[in-house]
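Biologist: I am new to this structure. Could you walk me through it and defend the terms you use?

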Amino acid sequence: MSSQLELGIGVHIFGVRHLSPGGSKHLLDDLNRIKPKIILIEGPSDASSEIRHITQRQTKPPIAILAFTEELPVRTALWPLASYSPEYQAMKWAADHKAQSVFIDLPSSVMIALQDMRKREQQQRAESSPTPDPEQVTPQAEVLHETVHESLYDRIAQLSGEDDYDMYWERNYEHNLNEHAYRQAILQFSEQMRELTEAEEQHSSASEHAYNAIRESYMRRQIKQTIESGYQPEDILVVCGAYHAAALSHVSDIMTDQELQSLPSSSTKLTLMPYSYYKLSSMSGYGAGNHAPHYYEMMWQQMNREALDELPHLYLSSVARLLRKAGTHRSTAEVIEAVRMAQSLSALHGGSIPVLRDLQDAAQTLLGHGDLSVIAESLAQINVGTTIGQLAEGVSQTPIQDDLNRLLQQLKLTKYKTTIAQDLMLDLRENRRVQSKESAFLDLHRSFLFHRLRLLNIHFVQQQQTQQDQATWAERWIIQWSPEVEIQVVESTLLGETVEIAAAYVLQQKLDHCLTIAEASDLILIACESGMVTQLENGRQTLQRLAVDNQDVIQITLAARSLSKIIQYGDLRRIDTMPLIPLLEQLFTRASLFLVTSCQCNDEVAHEMMKSISELHTIGLDHSEQLDYQLWIEQLTEVMERDDLNAKLSGFACSLLIERNQVSATQLAAEVSRRLSPGVPADLGAGWFEGLSSRNRYMLLSRTSLWEQLHQYIESLEDDDFVRALVFLRRAFSTFSPSEKNMIAELLGELWGVNTEQAAEILTEELKEEEAKMIDDLNDFDFEDF
């Protein structure tokens with residue numbers, strides 16, 4: 001909202017709606033007419049020192065003033081500013097005209113403390129009600145206040161014949177360029193709104209009414225002190241929310257020193273931060289945001305060009321341009337028709353210029369051909385936009401920003417702080433060609449920093465896969481700075497004053513809330529990669545606690561894999577991993593003991609179990625000196641021999657034991673004969689072979705007796721059983737390479753007594769389309785009918 005009221009004492013009060021281009025234009029008109037010597041602005045009074053940074057030429061909105069508490073739990077308060085914010089334009093005008101500008105609202109320390117009190121009061125009211133009505137009770141005072149206003153605004157929209165309040169506001173106030181009509185309309189609107197909302201606040205939310213009364217009493221105190229400091233009333237202009245404009249016109253009820261000292265306070269810190277239009281929009285959950293910040297910036301620019309009537313042409317041509325860029329062509333004629341339609345829709349409501357809803361409806365009808373999904377992405381880019389603010393280098397740095405800049409300089413990474421993506425390979429091994437210890441482990445400490453930034457969700461770095469997957473000493477990173485990264489760094493201030501402290505806090509929080517051993521082991525790995533020894537030990541204790549009663553072999557395997565990886569390259573990261581070895585022993589032993597039971601599963605679970613068994617087998621070999629590898633072999637043998645377990649897993653266990661020379665030729669022949677005998681159901685026999693053939697194919701190809709047994713088994717099947725076995729066998733052979741399939745064909749050619757080359761050519765040729773479809777259909781066939 002916006003209004004100007006000449007006080008009896010001569011102070012100029014200009015009420016505004018936050019994030020209003022129209023309010024900014026009329027405010028600047030009044031500033032140029034009145035030429036005040038000081039501008040008092042609604043905002044945290046302890047942030048006045050930041051105004052000089054806000055008005056610097058290098059500062060590009062959107063930006064925000066951020067206040068945060070120094071004690072846990074961290075609470076925050078935020079004051080965003082866009083280029084078209086009346087408050088920002090007032091500060092810029094003051095700087096350009098050598099006038100003073102200061103904030104006059106409650107200090108952030110008091111503001112946050114009062115908000116805490118309001119939340120506690122609301123919670124107490126909710127708890128004191130034995131059977132709260134969900135239709136009447138809201139969780140927070142702010143929500144209640146918003147609900148009161150929302151219903152009031154909805155009624156205003158309905159009375160005006162608009163679909164929503166934003167349409168009403170834009171049509172009647174943003175587009176109203178008549179200076180005198182605007183001023184008078186806003187003044188009346190402000191006073192009536194206050195009367196209505198005050199009555200509802202007193203009835204439904206005493207704390208909300210008291211909160212506004214305290215703020216207004218404090219701002220009146222600031223106005224009075226400004227006059228007492230020597231400024232003439234007519235040289236003072238106050239910029240505040242229009243809701244408060246009428247209240248600030250009263251000279252009574254000014255906060256006393258005693259009342260000021262009695263206000264609650266929390267220790268806070270202030271900083272400026274770059275902001276984005278997405279965060280500024282109501283889409284991000286920001287209650288005071290508008291739903292189309294980039295659209296309002298376009299409106300502001302057109303107002304400055306005195307070409308507001310050209311906004312529909314600019315908006316709809318921008319939609320068409322983005323559609324063309326995405327590959328959807330729209331003609332100039334369609335854009336012209338869309339402009340005409342938007343103007344017609346506006347005229348139906350008595351408007352002079354189309355509002356955003358009119359423009360969107362026209363865009364959907366003529367540029368989207370009635371389909372919103374066609375233009376949805378383009379509308380999002382134009383309405384919300386991707387603009388990110390910028391602050392001058394070194395302005396209002398938070399401790400974590402200072403720490404990160406220090407680390408970038410120390411680790412020789414300053415040159416990577418650009419918007420151009422750059423590739424960086426790290427070698428974590430000691431560089432023996434340099435003299436200083438810092439230089440010898442430069443890349444290792446870079447790795448620690450990068451992993452900590454990832455933990456904090458600061459997207460300055462992104463890890464990539466290396467070509468040498470087994471080279472644990474090599475890491476590849478893509479590094480790219482952006483204003484969004486700056487925002488993420490500032491927000492991390494709420495977690496700690498340095499990168500290390502903040503990352504440790506986040507990791508400890510994750511450890512305190514993790515529920516599975518797999519999750520705990522992943523966090524241990526992150527602690528190792530980040531070089532955080534304390535959290536590594538805390539993770540070990542957490543994992544040990546969770547592993548005591550765990551019998552899930554798949555979960556145990558995931559945990560054991562992470563520990564194995566850490567132990568293998570722990571020395572490389574100069575971290576003592578000896579305390580992790582007993583934990584790995586415990587996990588490996590539990591996995592071995594519960595292996596047989598876990599193999600009583602269906603084929604869907606068996607797929608994951610095969611991966612786990614393979615992982616555990618590798619872990620056992622890699623750490624055979626520390627682990628009970630013999631116990632593992634014994635359990636694998638039982639899985640191989642048991643008939644009541646999943647046949648695929650029994651075959652897989654057999655293949656692992658063959659690799660370790662734990663199965664003799666005689667034993668293998670007996671096992672093959674037993675598993676592929678004519679009396680064995682087709683799915684069990686073929687499933688067993690699928691598990692057996694999933695490892696070490698060349699070893700299997702060298703055993704002719706195996707293929708003879710498979711050949712005899714297939715010949716013994718009835719037609720229905722053959723169809724059933726075909727599905728499993730096709731799945732088993734689908735992963736064989738062409739050369740392996742060729743060798744199998746030659747083996748079968750010898751068994752069948754035919755030309756081996758001809759057999760290989762026939763068996764390896766591509767299936768005809770109808771043959772492939774027929775076999776594919778078998779995968780979904782219900783064999784229970786047989």
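Modeller: What follows is a set of short questions about the terms, each answered from the model.

Biologist: What kind of model is this, and what does the secondary structure of the chain come to?

Modeller: It is a predicted model. The chain has 37 helices and 11 strands. Buried residues make up 51% of its 786 residues. Among contacts with a separation of 6 or more, 74% join residues 24 or more positions apart.

Biologist: Why is H17 called roughly antiparallel to H19?

Modeller: Helix H17 covers residues 399–410, and helix H19 covers residues 442–455. Their axes cross at roughly 155° and come within 11 Å. Angles over 145 degrees count as roughly antiparallel, so H17 is roughly antiparallel to H19. H17 passes H19 in a left-handed crossing.

Biologist: Which residues make that contact of H17 and H19, and of what class are they?

Modeller: H17 brings Leu-404, Leu-407, Leu-408 and Gln-410. H19 brings Leu-442, Leu-449 and Leu-453. By class, the contact has six nonpolar residues, one polar and no charged.

Biologist: How do you know that Leu-442 is buried or exposed?

Modeller: Buried means under 20% relative accessible area. Leu-442 has 16% relative accessibility, so Leu-442 counts as buried. The residue is in helix H19. Leaving aside neighbours within four places in sequence, Leu-442 is in contact with Gln-410, Leu-411 and Lys-412. Leu-442 and Gln-410 are 32 residues apart in sequence, and their C-alpha atoms are 9.3 Å apart.

Biologist: And Phe-448: what is its relative accessibility, and what does Phe-448 count as?

Modeller: Phe-448 also lies in helix H19. Its relative accessibility is 10%. The cut-off for buried is under 20%, so Phe-448 counts as buried. Not counting residues up to four places away in sequence, Phe-448 touches Cys-528, Glu-529, Ser-530, Gly-531 and Arg-573. Arg-573 is 125 residues from Phe-448 along the chain, yet their C-alpha atoms are separated by 9.0 Å.

Biologist: What makes H12 and H16 oblique to each other?

Modeller: Helix H12 covers residues 293–304, and helix H16 covers residues 372–383. Their axes come within 5 Å and cross at roughly 55°. Roughly parallel needs an angle under 35 degrees, and roughly perpendicular needs 65 to 115. The angle falls in neither range, and H12 and H16 are therefore oblique. Pro-293, His-294, Tyr-295 and Met-298 of H12 meet Gln-381, Ile-382 and Asn-383 of H16. By class, that contact has four nonpolar, three polar and no charged residues.

Biologist: How do you know that the reach of H25 is close to the expected value?

Modeller: Helix H25, residues 581–593, has 13 residues. The expected span is 1.5 Å times one less than the number of residues. For H25 that comes to 18 Å, and the helix reaches 18 Å from its first C-alpha to its last.

Biologist: Which residues of H25 are buried, and what covers them?

Modeller: The buried ones are Ile-581, Leu-583, Leu-584, Leu-587, Phe-588, Arg-590, Ala-591 and Ser-592. Their cover includes helices H22, H23, H24, H26, H27 and H28.

Biologist: What about H21: what reach is expected, and which residues are buried?

Modeller: Helix H21 spans residues 499–513 and has 15 residues. The expected reach is 21 Å, and the helix reaches 21 Å. Val-499, Ala-502, Ala-503, Ala-504, Val-506, Leu-507 and Leu-511 are buried. What covers them includes H17, H19, H22 and H23.

Biologist: Why is Glu-306 called exposed?

Modeller: Exposed means over 50% relative accessible area. Glu-306 has 74%, so Glu-306 is exposed. The residue is in the loop between H12 and helix H13. Its phi is positive, about 55°, although Glu-306 is not a glycine.

Biologist: What makes a positive phi worth pointing out?

Modeller: Most residues other than glycine have a negative phi. Asn-661 also has a positive value, near 60°. Asn-661 sits in the loop between helix H29 and helix H30. At 68% relative accessibility, over the 50% cut-off, Asn-661 counts as exposed.

Biologist: Where is the cis peptide bond?

Modeller: The cis bond joins Pro-61 and Pro-62, with omega about 10°. Pro-62 is in the loop between helix H2 and strand S4. Most peptide bonds are trans.

Methods. Residues numbered from 1 in each chain as written. Predicted model: local features only at pLDDT ≥ 70, side-chain atom pairs only at ≥ 80, totals over all residues. Heavy atoms only, no water. Helix = DSSP H or I, 4+ residues; strand = E, 2+ residues; numbered from the N terminus. Buried < 20%, exposed > 50% of the residue type's maximum accessible area, 1.4 Å probe, protein only. Contact = heavy atoms within 4.5 Å. Axes fitted to C-alpha atoms, helices over the stretch in contact; angles between N-to-C directions. Left-handed = near helix turned anticlockwise from the far one by under 90°. Nonpolar A, V, L, I, M, F, W, Y, C, P; charged D, E, K, R; others polar.
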